[in-house]
Amino acid sequence: MAKHTIVLIAGDGIGPEVTAAARRVIDAAGASTGTQFDWISMPAGEAAIKTDGDTLPEKTLDAVTQYKVGLKGPVGTPIGKGFRSVNVTLRKKLDLYAAVRPVRSMPNVKTRYENVDIVIFRENTEGLYTGIENEIAPGVVTSLKVATQKACDRISRSAFRYANRRRRKKVTVFHKANIMKITDGLFLKCAKRVWEEEYPNIEYEELIIDNGCMQLVKDPTRFDVLLMENLYGDLISDLCAGLVGGLGVVPGANIGDVAAVFEAVHGTAPDIAGKGVANPLACIMSGVMMLNYIADTHHDDAARLAAEKIKNAYNGTLSEGKVLTRDLGGTAGTDQFADALIEKIKG
Ligand code: NAD
């Protein structure tokens with residue numbers, strides 16, 4: 001029986017609830033396909049301040065470096081003060097440069113749109129998220145936006161490689177190079193060069209991001225793969241989540257050349273934390289992305305089968321519409337939804 005070690009970072013707010021549910025579902029799928037998972041729990045976020053005096057203890061980074069795969073819940077980041085952002089630091093230190101976020105219409109989840117199928121590629125290590133901010137004179141503060149050719153090239157290559165492998169037709173770059181001529185200009189130049197030199201078979205489009213937002217809410221089905229720098233990707237991810245039913249149904253992956261950490265797009269949802277009502281689906285879907293990553297990197301067909309089983313289970317459960325969490329118009333709690341999936345997986 002194949003055995004894989006996964007670093008589990010439960011995080012804050014609804015993190016422990018949704019990651020626990022996802023773990024149970026993944027274990028059930030593993031048991032039914034002959035794959036075993038060893039989970040190593042590691043602290044991060046506000047919870048880790050109490051236990052380790054740091055929001056991102058070195059041992060957590062070491063564990064992901066060692067085992068190369070992690071499933072993570074959201075972590076709280078104090079606004080305007082205090083500790084460094086755990087997410088930004090984790091992504092930078094482990095060089096998880098590509099945030100990959102598939103946004104798809106789900107069965108029986110009613111929204112204004114049908115047939116949305118977009119995959120966002122967000123650059124994860126630079127842009128305005130370098131955290132280089134200074135007060136240069138009393139009452140005058142600056143924030144430094146960084147773009148490097150290396151980072152722009154590799155995120156562009158990731159997006160085109162993905163599009164090519166998955167038989168996607170088009171990559172659209174959102175930018176603001178009309179204003180930020182040098183930084184966004186470099187991003188555009190790199191994306192265009194990767195397209196021209198390596199993937200001319202794929203359609204390429206550039207849109208100024210304000211126009212892109214308007215086009216997205218007018219007709220999201222015209223988009224396929226979206227490519228953009230860090231801040232734009234953060235904002236567009238939530239906007240796109242709104243097109244398909246909210247943050248409860250959008251998974252994500254942070255992928256580097258040697259390690260990957262999978263996590264939903266949503267945050268700690270303090271308004272519903274601890275109530276057992278959070279939708280664990282986005283975290284479970286992130287787990288499916290993780291199983292496919294394990295299947296690819298370890299050539300493990302059983303992991304792929306486990307992913308397929310989970311996907312069928314949530315598609316089936318949503319289609320039946322009997323067990324849905326509150327954000328999707330139902331009354332089920334986090335565990336109840338996970339139990340419904342597990343029942344289907346066990347068959
Ligand atoms: P949020 O995503 O936590 O919540 C936004 C809204 O969506 C809330 O109404 C919430 O109840 C709802 N929601 C989110 N996930 C849900 C789920 N799984 N099921 C049902 N409803 C869900 O965004 P926020 O309130 O802006 O951020 C709260 C905290 O989370 C902040 O500290 C922020 O920094 C942090 N955050 C962390 C991450 C991460 O760790 N990856 C990502 C985003 C935000």
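These legends accompany close-up views of a predicted model, covering the ligand, a closed cavity and two open pockets.

**Figure 1. The residues around the ligand.** Let's begin with the ligand's surroundings, a set of 20 residues. Among these, V75, N87, G267, A269 and D271 come nearest to the ligand. Sorted by class, the shell holds nine nonpolar, seven polar and four charged residues.

**Figure 2. Polar contacts of the ligand.** Which atoms of E263, G267 and D271 meet the ligand? On E263, a polar side-chain atom sits 3.1 Å from a ligand nitrogen. G267 takes part through its backbone, where an N or O atom is 2.7 Å from an oxygen atom of the ligand. D271 uses its side chain instead, with an N or O atom 2.8 Å from a ligand oxygen. As for cover, the ligand on its own has 820 Å² of accessible area, and the protein covers 68% of it.

**Figure 3. The cavity.** How many cavities of 30 Å³ or more does a search of the whole structure find? There is one, with a volume of about 70 Å³. Its lining includes E123, E126, K145, D184 and E229, along with V146, A147, C152 and F187. G127, T183 and N230 also belong to the lining. In terms of class, that makes four nonpolar, three polar and five charged residues. Helix α6, spanning residues 183–198, gives the most to this lining, with three residues.

**Figure 4. The largest pocket.** Here we turn to an open space of about 1100 Å³. A total of 31 residues line the largest pocket, and Y162, R166, I255, M289 and D296 are the ones nearest its centre. Which element supplies the largest share of the lining? That is α9, with seven residues. The elements that each supply at least two lining residues are the strands β4 (98–104) and β5 (117–123) and the helices α5 (149–165), α9 (281–298) and α10 (301–320). The lining has 16 nonpolar, six polar and nine charged residues.

**Figure 5. The second largest pocket.** This pocket has a volume of about 410 Å³. Of its 21 lining residues, N87, D234, V265, H266 and G267 lie nearest the centre. Two or more residues of the lining come from each of α4 (86–93) and α8 (230–244), and α4 provides the largest share, three residues. By class, the lining has eight nonpolar, six polar and seven charged residues. You may recognise two names from the ligand view: N87 and G267 are among the residues that come nearest to the ligand, and both also lie nearest the centre of this pocket.

Definitions and conventions:
Residues are numbered from 1 along each chain as its sequence is written. This is a predicted model: local features need pLDDT of at least 70, side-chain atom pairs count only at pLDDT 80 or more; totals for chains, interfaces and linings use all residues. Side-chain values use heavy atoms; hydrogens and water are left out. A residue is near a molecule or strand if one of its heavy atoms lies within 4 Å of it. A polar contact is a pair of N or O atoms within 3.5 Å; within protein, one must be able to donate a hydrogen and the other to accept it, and residues adjacent in sequence count only if both atoms are side-chain atoms. Accessible areas come from the Shrake-Rupley method with a 1.4 Å probe; for residues, only the protein chains shown count as cover. Ala, Val, Leu, Ile, Met, Phe, Trp, Tyr, Cys and Pro count as nonpolar, Asp, Glu, Lys and Arg as charged, and the others, Gly among them, as polar. On a 1 Å grid over the protein atoms alone, a cavity is a set of points where a 1.4 Å probe fits but cannot get out, and a pocket is an open set with protein on both sides within 12 Å along at least five of seven lines; lining residues have an atom within 4 Å of a point. Grid points are joined across faces, edges and corners, and a volume is the space filled by probe spheres set on the points. Helices (H or I, at least four residues) and strands (E, at least two) are DSSP runs, numbered from the N terminus.
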